[in-house]
Amino acid sequence: MSLGTSLIVWVCFLPEVNADWLVQARGHSHYCSLIGGFPVSHRGGSEGFANYQDEALREGKSLKDEDVLQHLPVGTTATFYFRDLGAQISWVTVFLTEYTGPLVIYLLFYFRVPFIYAPKYDFTTSKHWVVHLACMCHSFHYVKRLLETLFVHRFSHGTMPLRNIFKNCTYYWGFAAWMAYYINHPLYTPPIYGEQQIRLALILFLFCQIGNFSIHIALRNLRPPGSKTRKIPYPTKNPFTWIFLLVSCPNYTYELGSWLGFTLMTQCLPVAFFTLVGFIQMTVWAKGKHRSYLKEFRDYPPLRSPILPFVL
Ligand SMILES: NC(=O)c1ccc[n+]([C@@H]2O[C@H](COP(=O)([O-])OP(=O)(O)OC[C@H]3O[C@@H](n4cnc5c(N)ncnc54)[C@H](OP(=O)(O)O)[C@@H]3O)[C@@H](O)[C@H]2O)c1
């Protein structure tokens with residue numbers, strides 16, 4: 001079987017299908033997705049096809065990793081549509097790469113390594129304590145994300161297209177450099193309302209970081225290890241999760257709050273811009289997830305909004 005073409009159609013008699021064929025197909029450098037022309041499903045015996053992507057092709061149902069070939073609700077024949085998805089990269093690798101970048105890049109500006117500002121500022125430190133606080137908050141945020149990626153999230157996707165890593169890294173790394181350049185600039189001026197503004201911002205930032213972490217834990221607990229179950233998230237004993245009463249994706253709400261806090265703390269335009277772009281992106285995702293919840297669960301709580309209670 002060649003995977004050189006972008007789409008392969010494979011008609012087979014089910015009793016003849018050998019799980020090894022499918023595993024061999026996966027051995028090519030490009031992973032492929034398997035989509036049923038009929039409402040069919042498949043899993044190639046062993047772990048097989050862990051990298052299928054849901055691509056709605058024709059009228060067939062997308063196939064899931066956990067589907068078993070022998071249990072297909074078809075007669076003795078089935079048609080499979082393979083699509084070559086191009087080079088893939090592990091989801092976790094993408095996250096680790098895109099989050100390590102901002103952490104390191106920000107610190108380069110914070111320590112004012114040579115060739116960023118004028119030579120006389122090389123390795124000097126800012127006289128404003130808010131600059132040091134901002135560095136701690138920024139680093140804390142990305143270390144938290146890295147640790148969550150490694151130890152908290154239970155992702156349902158194995159891989160994503162390789163090109164995503166370039167797109168995502170450009171976004172995260174580029175913004176980190178832009179923000180860090182201005183916050184750590186020798187001519188940076190602290191927020192207009194001084195200490196009061198910084199303290200308020202810090203409280204908002206920390207509150208939302210704890211909230212975001214609490215939601216991630218709540219989502220993790222919805223999914224038993226090794227499974228891909230999706231359930232309706234409900235408030236738990238942790239008060240930070242009570243926002244689930246009103247919002248479908250409160251982790252995005254808290255993420256927005258964190259960046260609003262960071263914007264208030266640094267009073268820096270590139271930070272405000274990053275917050276805005278992140279908000280737009282998360283709103284698009286939250287709306288999509290909210291729609292899927294409504295579609296998937298008939299008893300989905302009607303009071304919830306995607307990202308902002310009663311508003312959006
Ligand atoms: N600043 C920014 O621009 C920005 C943008 C996006 C994200 N972020 C940050 O990155 C974090 C993670 O983003 P994300 O988009 O991956 O969040 P997400 O889609 O809410 O997913 C978080 C984790 O929870 C799982 N999950 C979600 N809903 C579930 C459900 N109903 N049942 C069981 N498991 C469920 C997800 O599994 P699946 O693998 O199945 O989805 C994933 O492992 C965000 O919370 C936010 O803090 C920041």
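1. Let's start with the surface. The accessible surface of the protein comes to about 16800 Å², and carbon and sulfur atoms account for 65% of that area. Please keep in mind as you read on that this is a predicted model. Of the 312 residues in the protein, 46% are buried.

2. Next, the overall layout. The protein has seven helices and five strands. Followed along the sequence, they come in the pattern β-α-β-β-β-α-α-β-α-α-α-α. Contacts across the sequence are worth a look too: among those between residues at least 6 apart, 77% join residues at least 24 apart.

3. Now to the ligand, which you may want to bring up on screen. It is surrounded by 26 residues, and the closest are S156, H216, Y252, E255 and K289. Sorted by class, this shell holds eleven nonpolar, eight polar and seven charged residues.

4. Three side chains deserve a closer look for their polar atoms. S156 places a polar side-chain atom 2.5 Å from an oxygen atom of the ligand. For H216, a polar side-chain atom lies 2.6 Å from an oxygen atom of the ligand. In the side chain of R223, an N or O atom is 2.9 Å from a ligand oxygen atom. As for cover, the ligand on its own has 890 Å² of accessible area, and the protein covers 91% of it.

5. Which elements give two or more residues to the shell around the ligand? They are α4 (163–183), α5 (194–222), α6 (250–266) and α7 (269–296). The largest share comes from α7, with five residues.

6. Staying with helix α7, have a look at T275, which is found there. T275 counts as buried because its relative accessibility is 7%, under the 20% cut-off. Its side chain reaches the backbone oxygen of W259 at 3.4 Å. Leaving aside neighbours within four places in sequence, T275 is in contact with L256, W259, L260 and T263.

7. C249 is another residue to click on. It sits in the loop between α5 and α6. Is C249 buried or exposed? It is buried, because its relative accessible area is 4%, and the limit for a buried residue is under 20%. Not counting residues up to four places away in sequence, C249 touches A286, K289 and P306. With K289, the C-alpha to C-alpha separation is 7.8 Å, although the two residues are 40 apart in sequence. K289 has already come up, as one of the closest residues to the ligand.

8. Finally, two backbone angles that you may wish to check. Most residues other than glycine have a negative phi. R112 has a positive phi of about 50 degrees, and it is not a glycine. F115, also not a glycine, has a positive phi of about 75 degrees. R112 lies in the loop between α2 (91–110) and α3 (129–151), and F115 is found in the loop between α2 and α3.

9. How do these two residues fare for accessibility? R112 is buried, with a relative accessible area of 5%. F115 counts as exposed because its relative accessibility is 84%, and exposed means over 50%.

Conventions:
Residues are numbered from 1 along each chain as its sequence is written. This is a predicted model: local features need pLDDT of at least 70, side-chain atom pairs count only at pLDDT 80 or more; totals for chains, interfaces and linings use all residues. Side-chain values use heavy atoms; hydrogens and water are left out. A residue is near a molecule or strand if one of its heavy atoms lies within 4 Å of it. A polar contact is a pair of N or O atoms within 3.5 Å; within protein, one must be able to donate a hydrogen and the other to accept it, and residues adjacent in sequence count only if both atoms are side-chain atoms. Accessible areas come from the Shrake-Rupley method with a 1.4 Å probe; for residues, only the protein chains shown count as cover. Helices (H or I, at least four residues) and strands (E, at least two) are DSSP runs, numbered from the N terminus. Ala, Val, Leu, Ile, Met, Phe, Trp, Tyr, Cys and Pro count as nonpolar, Asp, Glu, Lys and Arg as charged, and the others, Gly among them, as polar. Buried means under 20% relative accessible area, exposed over 50%, partly exposed in between (1.4 Å probe, protein chains only). Contact means heavy atoms within 4.5 Å.
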